[in-house]
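Colleague: Could you take me through one part of this model in detail? I would like to begin with a loop and then follow its surroundings outwards.

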Amino acid sequence: MDAQTAPSTASVNQTAADTMNGLQAGRICPPEAQSHDLSLLAPEHAEGWRRDGFFILRGLVDPETCRRMSAAVIDLFTGAESAGRSFSGHHLGKDGVIAVEEAARVDSGIDADQRMSKLFNIHRMSPFREFASHPEVLRALHAILGPDVSVFNSQYIFKNPGVWGQPWHQDSLYYRFDLMPQVGCWLATTRATVENGCLFVAPGSHVEPIHEVVPDARPGANLGYLEVVDYDFSGAVPVLMEPGDVLIFHSFLMHKSNDNTSSERRSALVYHYARSATQVIGVKSPTIDFMPVLAGGRAIA
Ligand SMILES: O=C(O)CCC(=O)C(=O)O
């Protein structure tokens, strides 16, 4: 397909919204599946999960490891771009990584690290694999999802200066699985501030069903950016983080990220986890790859 016949991002996003609204909107998370054994958590984290749908684990990864991850991501992104398997700003690289260029970039320059938006499928590789099984992360997953858990999606996100945030959404919209919920694990690999594009969350919105979405209306928005517009976000709060802090969040929790209006990059490693028995309904996306991390309550090396 050449550029003249390729559908525009706006029309792809409209089709995606229509499809997801038909397949996923209205789904609920069964009350008995909201958690497994919250007594495994610190009381304030258990309360955060129950009441708000999220909590933060501070200082799990040292800043040097965070820097090494970002450097490795730039190498993988650069390699994927030059591998010659590219379509509409998406590049298939070594070991199945998928590198996505930023669509809505404003002030970013021409170097690879300034063009990059997301890198998918990195959870089987060092130095990312190690974090997927961090003991504190596994403890949280056991408490929430039970003794048999897999990481099924990984993405490393660069939000460069001038780049737009992702609009309000619930991650489970994108996961057509038989078991709900999933758990997001967002490791800040730089600090995350209101100015550089931190996440905002709507506490308590995790008990909502999956809401209908509309395409992100901004001209040039990224592929797949869909937006919840029928919820009262006046109670939303910013999630301010230092490098190495980790946000654990429910996949029905409404969240968004701010535009980056600062002169510094914001980056994050984001993992999504599910019960290992989960079945994908219908077509499996190329960014879904189940890798067990807990079996019978024990870490898998
Ligand atoms: O990090 C971001 O800018 C957005 C991430 C996000 O919303 C997600 O992982 O679901």
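In which loop does Pro 181 lie?

Modeller: Happy to! Please keep in mind that this is a predicted model. Pro 181 lies in the loop that runs between strand 6 and strand 7 (183-188). The peptide bond joining Met 180 to Pro 181 is cis, with omega at about 0°. A second cis peptide bond joins Ser 126 and Pro 127, where omega is about 5°. Pro 127 has its place in the loop between strand 5 (116-120) and helix 5 (129-132). As background, most peptide bonds are trans.

Let's go on from the first of these loops into strand 7. Strand 7 pairs with strand 12 in the antiparallel sense, over five bridges. Within that pairing, Gly 184 stands opposite Phe 249 of strand 12. Strand 12 also has strand 1 (residues 54-57) as an antiparallel partner, and four bridges join the two. Here Leu 57 is opposite Val 246. Strand 12 (residues 246-250) is largely enclosed by the rest of the structure, because five of its five residues are buried. Val 246, Ile 248 and His 250 point one way from the strand, while Leu 247 and Phe 249 point the other way. That fits a general pattern: in a regular strand the side chains alternate between the two faces of the sheet.

Strands 7 and 12 also meet helix 6 (residues 135-145). The buried residues of this helix pack against helix 2 (43-52), strand 6, strand 7, strand 12, strand 14 and strand 15 (291-295). Those buried residues are Val 137, Ala 140, Leu 141, His 142, Ala 143, Ile 144 and Leu 145. After helix 6 comes Gly 146, with a positive phi near 105°.

Now for the core. The largest nonpolar core has 72 residues, and those touching the most other members are Leu 119, Leu 141, Cys 185, Leu 187, Ile 248 and Tyr 273. In soluble globular proteins, nonpolar side chains tend to be buried together. Tyr 273 is a good place to pause: leaving out residues up to four places away in sequence, it touches Leu 141 and Leu 145, then Val 149, Ser 150, Val 151 and Phe 152, and also Gln 182, Val 183 and Cys 185.

Strand 6 and strand 14 lead on to the ligand. Strand 6 (149-159), strand 13 (255-257) and strand 14 (266-275) each supply at least two residues of the shell around it. The ligand is surrounded by Ile 157, Lys 159, Gly 165, Gln 166, Asp 171, His 255, Ser 257, Ala 268 and Val 270. By type, this shell divides into three nonpolar, four polar and two charged residues.

Strand 13 belongs to an open sheet of three strands, in the order 11-8-13 and with antiparallel pairing. Strand 11 (237-239) and strand 13 are its edge strands, each pairing on one side only. On average, neighbouring strands of this sheet are turned by 35° against each other, direction ignored. Strand 13 pairs with strand 8 (residues 199-201) over three bridges, in the antiparallel sense. One of the shell residues takes part here: Ser 257 in strand 13 is the bridge partner of Leu 199.

Let me come back to the loop with the other cis bond. Phe 128 is also found in this loop between strand 5 and helix 5. Phe 128 counts as buried because it has 22 C-beta neighbours inside 10 Å. Setting aside neighbours within four places in sequence, Phe 128 is in contact with Met 69, Ile 122, His 123, Ser 154 and Leu 269. Phe 128 and Leu 269 are 141 residues apart in sequence, yet 8.2 Å apart in space from C-alpha to C-alpha.

Asn 121 has its place in this loop as well. Its phi is positive, about 65°, although Asn 121 is not a glycine. Asn 121 counts as buried, since 22 C-beta neighbours lie inside 10 Å. Elsewhere, Asp 95 has a positive phi too, near 55°. Asp 95 is in the loop between strand 3 (90-92) and strand 4 (98-101). In contrast to the buried Asn 121, Asp 95 is exposed, with 10 other C-beta atoms within 10 Å.

Conventions
Residues numbered from 1 in each chain as written. Predicted model: local features only at pLDDT ≥ 70, side-chain atom pairs only at ≥ 80, totals over all residues. Near = placed C-beta within 6 Å. Nonpolar A, V, L, I, M, F, W, Y, C, P; charged D, E, K, R; others polar. Core = buried A, V, L, I, M, F, W, Y, C linked by C-beta atoms within 7 Å. Buried ≥ 20, exposed ≤ 12 C-beta atoms within 10 Å, placed from the backbone. Contact = placed C-beta atoms within 7 Å. Pairing = 2+ DSSP bridges. Axes fitted to C-alpha atoms, helices over the stretch in contact; angles between N-to-C directions.
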